[in-house]
Amino acid sequence: MNIHQSMHGMLEAPVKKSSQFVQSAHKIAAIASTHAAQVDKASRFPHEAMAAVREHKLLGATVPVQFGGSGASLRDIVEVCFILGQSCASTAMIFAMHHVKAACIIGHYGESPWHMAFMRRMVTDQLLLASSTTEGQSGGDVRNSNAPVIEDGGSFTLERAATVLSYGEQADALVTTARRSAAAAASDQVLVILDKSDYSLTPTFGWETLGMRGTCSGGFGLKARGQISQIMPVDYATIHAESMIPAAHLMWGAVWGGIAAGAHERARRHLRKLATSSGTVPSGVAWLNRAATHLTALRAMLNNTLDQYENAVGTPDMLNQLELQTAITLLKVDVSELAVASVMASLRANGLPGYREDGEASNARALRDVLSAPLMINNDRILGNLGIAPLMISPASTLTP
Ligand SMILES: Cc1cc2nc3c(=O)[nH]c(=O)nc-3n(C[C@H](O)[C@H](O)[C@H](O)COP(=O)(O)OP(=O)(O)OC[C@H]3O[C@@H](n4cnc5c(N)ncnc54)[C@H](O)[C@@H]3O)c2cc1C
């Protein structure tokens, strides 16, 4: 059998029955893909794709059914992130960042009438939520805040240097960390939900970056005033460990995995064309294999951690176990590095056509976008913050968990 005959019978991925969220994701991805190059070039918000996200009612998808939402699971959203990541990384990351904030509210609203009403609005008004954790020059030090909430009777004011704030201008609401009060320690934080009418943003930094250009993550001076009832009823430390970090690491990881899957597919198509036209096995196939291996490891890690997290949700003792918390923390480090390695291998598989910014074989944008992964909460900081945790966890002694 020659190479043409063997490629004719080549295995394609099996078609699976997909959920309504997956079906929506494919439709949105098609729109995102049409505009992705222009979004990147102009460093502009992906309006078209985000309008489609709203049309499919995906912004309020995880809101519980009792508040009008679809009750989508974390797994549903992670899957959508992976699909969107293959066509436009900025759209996928905006979608992920929104849903990380949604998870913080949905997981911890307690008995708060204000937050219950807000969740209803997340569905009816399809509110887009932005996230402010980076403050001043503190980088990814998410568990410390400088600016305090200043109480004044039943209301509060907050002024903070939001030095990196994705889609700050396009968002309908802002979810921000803050010091509990002027007298509180930097680590004694609360999470505050701000409606667009509660705050003003004064631009301080632009967003002229290598990749993820459509996230429009410029800097702003934030000035806010709101009601005390808008502050989440649970301290931020709990929200951080139980919802914010698991959701962020799983959703961001899926976006980066999606970027790698998109790059892999472009490489595979390019090499197939070469194989068909030359009748020989292209030398880039060795790199394509590497791209696939990294991607397989990445997907396995994401799925495994998702299983563990889903198993522990609703049981704080299990959720806060050192082993699970460490696995969730390390997931971000490993997945981000695997995604970069996989995209890099896809780039090398295609050679110069992959390196070019134009053409169907280009993986240049994918590489620029995925290079943000190890920096988005810097991996060095994450590893440094683990402290002595790795010394407390015995390695597995059996293969089967
Ligand atoms: C695409 C994108 C979108 C973003 N969107 C938002 C957003 O919407 N809202 C928001 O608040 N933030 C956002 N951020 C910012 C993000 O949350 C982090 O603040 C940022 O990525 C940290 O960048 P950094 O590496 O410069 O900073 P840092 O984490 O401060 O690191 C700076 C340097 O110090 C080193 N370092 C730090 N700590 C340690 C340590 N413990 N041990 C050893 N070395 C260490 C690191 O290696 C690094 O070189 C976004 C970032 C990206 C890339």
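## A ligand between two domains

Domain 2 (130-230) and domain 3 (236-392) both give residues to the shell around the ligand, so the ligand lies between them. Bear in mind as you look around that this is a predicted model.

**Around the ligand**

Start with the ligand's neighbours. There are 24 residues around the ligand, and those that come nearest are G139, S166, D380, R381 and G384. As for elements, you'll find at least two shell residues on each of α5, β1 (129-132) and α13 (379-385). Helix α13 supplies the largest share of that shell, with 4 residues. Sorted by class, the residues around the ligand come out as 13 polar, 9 nonpolar and 2 charged.

**How the domains meet**

Zooming out, the domain assignment splits the protein chain into domain 1 (20-128), domain 2 (130-230) and domain 3 (236-392). Take domains 1 and 3: their C-alpha centres sit 20 Å apart. Their contact draws on 22 residues from domain 1 and 21 residues from domain 3. On the domain 1 side, the elements that put two or more residues against domain 3 are α4 and α5. Helix α5 gives the most to that side, with 10 residues. The domain 1 side of this contact is made up of 14 nonpolar, 6 polar and 2 charged residues. So helix α5 turns up in both places: it supplies at least two residues of the ligand shell, and it also gives the most to the side of domain 1 that touches domain 3.

**Helix against helix**

Now for the helices themselves. Two packed helices are described by the angle between their axes and the distance between the axes. Here are three pairs to look at:

| Helix pair | Angle | Axis distance |
|---|---|---|
| α4 (residues 74-85) and α5 (residues 89-108) | about 160° | 7 Å |
| α7 (residues 236-278) and α10 (residues 322-350) | about 15° | 9 Å |
| α2 (residues 20-42) and α4 | roughly 25° | within 9 Å |

Let's begin with α4 and α5, which pack at an angle of about 160°. That angle makes α4 roughly antiparallel to α5. Helix α4 passes α5 in a left-handed crossing. If you want to find the contact on screen, pick out I77, V80, C81, L84 and G85 in α4, which meet A89, T91, A92, F95, A96 and H99 in α5. By class, the contact of α4 with α5 has 8 nonpolar residues, 3 polar ones and no charged ones.

Helix α4 also has α2 as a partner, and the axes of α2 and α4 cross at roughly 25°. These two helices are therefore roughly parallel to each other. The crossing of α2 and α4 is right-handed. From α2, the contact takes F21, V22, A25, H26, I28, A29 and A32, while α4 brings D76, E79, V80, I83 and L84. Those residues divide into 9 nonpolar, 1 polar and 2 charged. Which residues of α4 meet α5 and also take part in the contact with α2? V80 and L84 are in both contacts.

Last up is the pair α7 and α10, which pack at about 15° with their axes 9 Å apart. Helices α7 and α10 are therefore roughly parallel to each other, and their crossing is left-handed. The contact of α7 with α10 includes 16 nonpolar, 11 polar and 2 charged residues.

Methods. Residues numbered from 1 in each chain as written. Predicted model: local features only at pLDDT ≥ 70, side-chain atom pairs only at ≥ 80, totals over all residues. Axes fitted to C-alpha atoms, helices over the stretch in contact; angles between N-to-C directions. Parallel < 35°, antiparallel > 145°, perpendicular 65-115°, else oblique. Left-handed = near helix turned anticlockwise from the far one by under 90°. Contact = placed C-beta atoms within 7 Å. Nonpolar A, V, L, I, M, F, W, Y, C, P; charged D, E, K, R; others polar. Near = placed C-beta within 6 Å. Domains from an automatic or database assignment.
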